[in-house]
Amino acid sequence: AVENMPSSVKLVFIGIDVGKNVLSGKALSTCATARSPCRQAYIDTLGYGQDRPSWDPLTLLYAVKGAAGAHCKEAGIGGRNVLSSAGANYWEPGDSSNQTYLVLEGEDAATAAGNAIDELLCAETPRLRH
């Protein structure tokens with residue numbers, strides 16, 4: 001699927017090495033009310049007050065706030081993500097693709113990114129009128 005994406009579509013990957021170091025979700029145990037389905041899902045899955053690796057939440061944080069807002073920077077510019085016949089993927093350097101990958105930027109970037117995710121998870125939402 002990735003190989004068939006038009007060159008006009010920018011593709012940004014987050015590798016296991018980045019997502020496993022960004023932990024989030026623990027704050028939901030105390031910042032959200034017991035009525036919160038998001039809070040309950042985290043507690044049911046992980047237990048009260050537990051964080052989890054954050055590949056998907058980090059992807060969303062990047063989509064909403066950009067690389068700097070996710071405490072990352074883009075790397076591998078021009079290269080491409082290649083999928084082997086065994087199902088593993090690796091980065092192939094190059095100079096003409098629309099693909100990059102994210103790396104954490106700064107000594108405390110993993111903690112800062114996790115805190116930014118928790119901040120969004122804990123943000124109050126306006127009540128909807130029915």
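This note goes through a predicted model point by point, from the overall layout to single residues.

1. **Overall layout.** The protein has five helices and seven strands. Along the sequence they follow the pattern β-α-β-α-α-β-α-β-β-β-β-α. The pattern thus opens with a strand and ends with a helix. The C-alpha trace spans about 50 × 35 × 30 Å along its principal axes. The protein has 130 residues, and buried ones make up 28% of them.

2. **Helix H4 falls short of its straight span.** H4 covers residues 55-69. A straight helix of 15 residues would span 21 Å, at 1.5 Å a residue. The end C-alpha atoms of H4 are only 15 Å apart. Where does H4 bend? The bend is at Ala-63, and it is about 90°. Look there when viewing the helix.

3. **Buried and partly exposed residues of H4.** Several residues of this helix are buried: Pro-57, Leu-58, Leu-61, Tyr-62 and Ala-67. As general background, an α-helix has 3.6 residues a turn, so residues three or four places apart point the same way. Thr-59 is also found in H4. Its relative accessible area is 40%, so Thr-59 counts as partly exposed. The C-alpha atoms of Thr-59 and Ala-70 are separated by 8.6 Å. Along the chain these two are 11 residues apart.

4. **His-71, just after H4.** Which sign does the phi of His-71 take, positive or negative? The phi is positive, about 60°, although His-71 is not a glycine. In general, most residues other than glycine have a negative phi. His-71 comes just after H4. Its place is in the loop between H4 and E4. With a relative accessibility of 28%, His-71 is partly exposed. This residue deserves a look in the viewer.

5. **First salt bridge: Lys-10 and Glu-74.** How many salt bridges does the structure hold? There are two. In one of them, the side chains of Lys-10 and Glu-74 meet at 2.8 Å, N to O. Lys-10 lies in the segment before E1, and Glu-74 lies in strand E4 (residues 72-75), so the pair ties together parts 64 residues apart in sequence. The two partners fall into separate exposure classes. Lys-10 is exposed, at 52% relative accessibility, because the cut-off for that class is over 50%. Glu-74 is partly exposed, at 23%. By way of background, side chains of opposite charge can pair when their charged atoms come close.

6. **Second salt bridge: Glu-92 and Arg-80.** Here the side chains of Glu-92 and Arg-80 meet at 3.0 Å, N to O. Why does this pair link two strands? Glu-92 lies in strand E6 and Arg-80 in strand E5 (residues 80-83), so the bridge ties together parts that are 12 residues apart in sequence. Glu-92 is partly exposed, at 30% relative accessibility. Arg-80 is partly exposed too, with a relative accessible area of 33%.

7. **The second largest pocket.** This pocket has a volume of about 230 Å³. It is lined by 13 residues, and the closest to its centre are Phe-13, Ile-14, Gly-15, Asn-89 and Tyr-101. Which elements give two or more residues to the lining? They are strand E1 (11-14), helix H1 (16-19), strand E6 (89-92) and strand E7 (99-104). By class, the lining has nine nonpolar, three polar and one charged residues.

8. **Tyr-90 and Gly-15.** Tyr-90 is found in strand E6, one of the elements that contribute to the pocket lining. Tyr-90 is partly exposed, with a relative accessible area of 43%. Its C-alpha atom is 9.7 Å from that of Gly-15. In sequence the two residues are 75 apart. Gly-15 is itself among the residues closest to the centre of the second largest pocket.

9. **Val-103 and Ile-16.** Val-103 lies in strand E7. At 22% relative accessible area, Val-103 is partly exposed rather than buried, because buried means under 20%. The C-alpha atoms of Val-103 and Ile-16 are separated by 11 Å. These residues are 87 apart along the chain. Strand E7 and helix H1 (16-19) each give two or more residues to the lining of the second largest pocket.

Technical notes. Residues numbered from 1 in each chain as written. Predicted model: local features only at pLDDT ≥ 70, side-chain atom pairs only at ≥ 80, totals over all residues. Heavy atoms only, no water. Helix = DSSP H or I, 4+ residues; strand = E, 2+ residues; numbered from the N terminus. Expected span 1.5 Å × (residues − 1). Bend = angle between axes of the 7 residues up to and from the residue. Buried < 20%, exposed > 50% of the residue type's maximum accessible area, 1.4 Å probe, protein only. 1 Å grid on protein atoms, 1.4 Å probe; cavity = no way out; pocket = protein on both sides within 12 Å on 5 of 7 lines; lining within 4 Å. Points joined across faces, edges and corners; volume = space filled by probe spheres on them. Nonpolar A, V, L, I, M, F, W, Y, C, P; charged D, E, K, R; others polar. Salt bridge = Lys/Arg side-chain N within 4 Å of Asp/Glu carboxyl O.
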